[in-house]
Structures are given as structure tokens and as C-alpha cells.
Amino acid sequence: MRHFFPESRHAFCLTCSPHRAEHVALGYKDGMIIVMDISMKGEVIRRLRGHDGEIHSIVWCPEPGEGALQGRGEDGAGGEEEEEDPAGEPREGGSLLASGSRDQTVRVWSFTRGKVVMTLKLPCLKRRGGSEAGVKERIWVAVHWPPARPTQLVSSSFGGELLLWDLTKPGKQRWTLLGPTSEAQNHSRIVFNLSSARLAGGQDLLFSISMDREVSQLRAISLSRS
């Protein structure tokens, strides 16, 4: 058994890269995200700064490279030139990550550049009963990157809603509500985790678990591309 202590901070979540087995991303209570290389004794090779609150979830893009958002800077503006990667990633390679935070944003990161390429702000939606979401103390932002969909993200929102984000869509409203009804509310309380599975016939299913103690399942039709 090996142990790593990359930062003297309170860690909240971690995820392993599907493209580089030695790369592990960790999210911390103070909003810091790091990527460490376990083949280099846990050396920190990236520090990603931008969130103002604890990191609830981190996911890697299911496809290698950063071509899906090529040339996009913060909020979709033109990006900066890519820097040389000290970890040995080719300039045209690299990886994208996404993170969800208590600061009510989902951020997409370029691992190669170590910078935010997109910030997605959670919308304040009216929930059942007519009350408006937005109570910061009652939020958990789970993020999931569906397999084979490098330009789409799924995240939880304030009160059990699930949002499908189109990363190629211009403007501020890049999200669509997911759900079995017109209210599009899958859970009555905050969602902690999201995962997906592909059936033998190629159909994708999305699963979510919430503080309401229920497991919700969405079929692929809800995630289909326009």
C-alpha cells in the first residue's frame, strides 16, 4: 500500500484520469484543485485555481485531448496559446476536466494550460411549492461527463434538479432541464452523485442519488443530442 500527502488541506473528492493512469485529480475544501502524478511519488503537476468554495466533484472528459473546446477561453471567448506541458503531454493532446463547487458554478479546465476555459453558473430555478432555489448552505454540485459526449455535461442544481449543459452553445443559457415531467425535478432534495451505464444494445442510462434517499434513473432519450 502506498500513501500520498500532496497538500495540507482538507480533501473532498478525487478522480483518476481515464487517459493517463498515473494522473489523479483532487478537490479541496478551500476550492483548490490539484493533479498529482503517482508515478512521481505524488508530485503535484497542476494547481487549478478559480473556485471560491469547497469542491464537491471532479470529472475528466471521457475523450482525450482538448479538441472539443479548441480555442475557447473563459466563457467561450478566444483562448490563449497553449503552454508547453511539463508532464510530457503533447501540445495537441492534454485533457479536459470539469468541477462542481459550493460557489454555485461548474468550471471546465484545460489540463494542458492549467486554466479555466468555461464557467457555468447554476440557474436559480423555482422549485415545487413556489420557493426559489439559491440557499448556499443547502447545495451540493455533482458533475458527470457522459461517455462519448465530450461537449455535454450533466450537473445537479439546488433542489434536486439535473441540468444538461451544451458546452458548444453560445450565450449564457447553455443548460436544459432533465426529468420525467414538465417540472423536470428528479429529486426533492440535493443530489450527491451521478453515474451512467451503457446497456448491451447501446442505450445509455443516467443514475442519480440524493438526500431524499432515492435513486433516480433517466433513459438515453433524455440525453440525446439535438
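Start by selecting strand E7, residues 105–110, together with E6: the two run antiparallel and are joined by 5 bridges. You are looking at a predicted model, so keep that in mind at each stop. Show the side chains of Leu97 and Trp109, and you will find Leu97 standing opposite Trp109 in E7.

Now follow the chain through the turn. E6 and E7 form a hairpin with 3 residues between them. Click on Gln104 in that turn, which has a positive phi of about 70 degrees.

Stay with E6 and select residues 96–101. Is this strand mostly covered or mostly open? It is mostly covered, with 6 of its 6 residues buried. Colour its two faces separately to see how this comes about. On one side you have Leu96, Ala98 and Gly100, and on the other Leu97, Ser99 and Ser101; both faces are covered, and all of these residues are buried. Buried here stands for a relative accessible area under 20%.

Next, add strand E5, residues 55–60. E5 pairs with E6 in the antiparallel sense, over 5 bridges. To find your place in this pairing, pick Ile58, whose bridge partner in E6 is Ser99.

Before leaving this region, highlight residues 94–119. An unreviewed UniProt entry annotates this span as "repeat: WD". In the model, the span is 65% strand and 0% helix, and its end C-alpha atoms lie 19 Å apart.

Two loop residues make good short detours. First, select Lys41, in the loop between strand E3 (33–37) and strand E4 (43–48). Lys41 is not a glycine, yet it has a positive phi of about 60 degrees. Its relative accessible area is 77%, so Lys41 counts as exposed.

Then jump to Ala148, in the loop between strand E9 (143–144) and strand E10 (152–156). Here too the residue is other than glycine and has a positive phi, near 60 degrees. Ala148 is partly exposed, at 42% relative accessibility.

For the last part of the tour, select E13, E14 and E15. Together they make an open sheet of 3 strands in the order E13-E14-E15, with antiparallel pairing. Strand E13 (191–198) and strand E15 (215–219) are at the edges; each has a single partner strand, so one side of each is left without a neighbour in the sheet. Direction ignored, neighbouring strands of this sheet are turned by 20 degrees against each other on average.

Zoom in on the two pairings in turn. Between E13 and E14, which run antiparallel, there are 7 bridges. Asn193 is a handy marker, as its bridge partner in E14 is Ile209. The hairpin of E13 and E14 has 5 residues between the strands, and Gly202 in this hairpin takes a positive phi near 95 degrees.

On the other side, E14 (residues 204–210) is joined to E15 by 5 bridges, again antiparallel. Pick Phe207 here and look across to Gln217, its bridge partner in E15.

Finish by switching on the surface and selecting Phe192, Ile209 and Val215. What do these residues make? They make a nonpolar surface patch of about 270 Å². Phe192 lies in strand E13, and with a relative accessible area of 36% Phe192 is partly exposed. You have already met Ile209 as the bridge partner of Asn193.

Notes: Residues numbered from 1 in each chain as written. Predicted model: local features only at pLDDT ≥ 70, side-chain atom pairs only at ≥ 80, totals over all residues. Heavy atoms only, no water. Pairing = 2+ DSSP bridges. Helix = DSSP H or I, 4+ residues; strand = E, 2+ residues; numbered from the N terminus. Axes fitted to C-alpha atoms, helices over the stretch in contact; angles between N-to-C directions. Patch = residues over 30% accessible without salt bridge, like charges linked within 9 Å, V, L, I, M, F, W, Y side chains within 5 Å. Areas by Shrake-Rupley, 256 points an atom, 1.4 Å probe, with all protein chains shown as cover. Salt bridge = Lys/Arg side-chain N within 4 Å of Asp/Glu carboxyl O. Buried < 20%, exposed > 50% of the residue type's maximum accessible area, 1.4 Å probe, protein only. UniProt positions renumbered as here; feature names shortened; annotations may be inferred.
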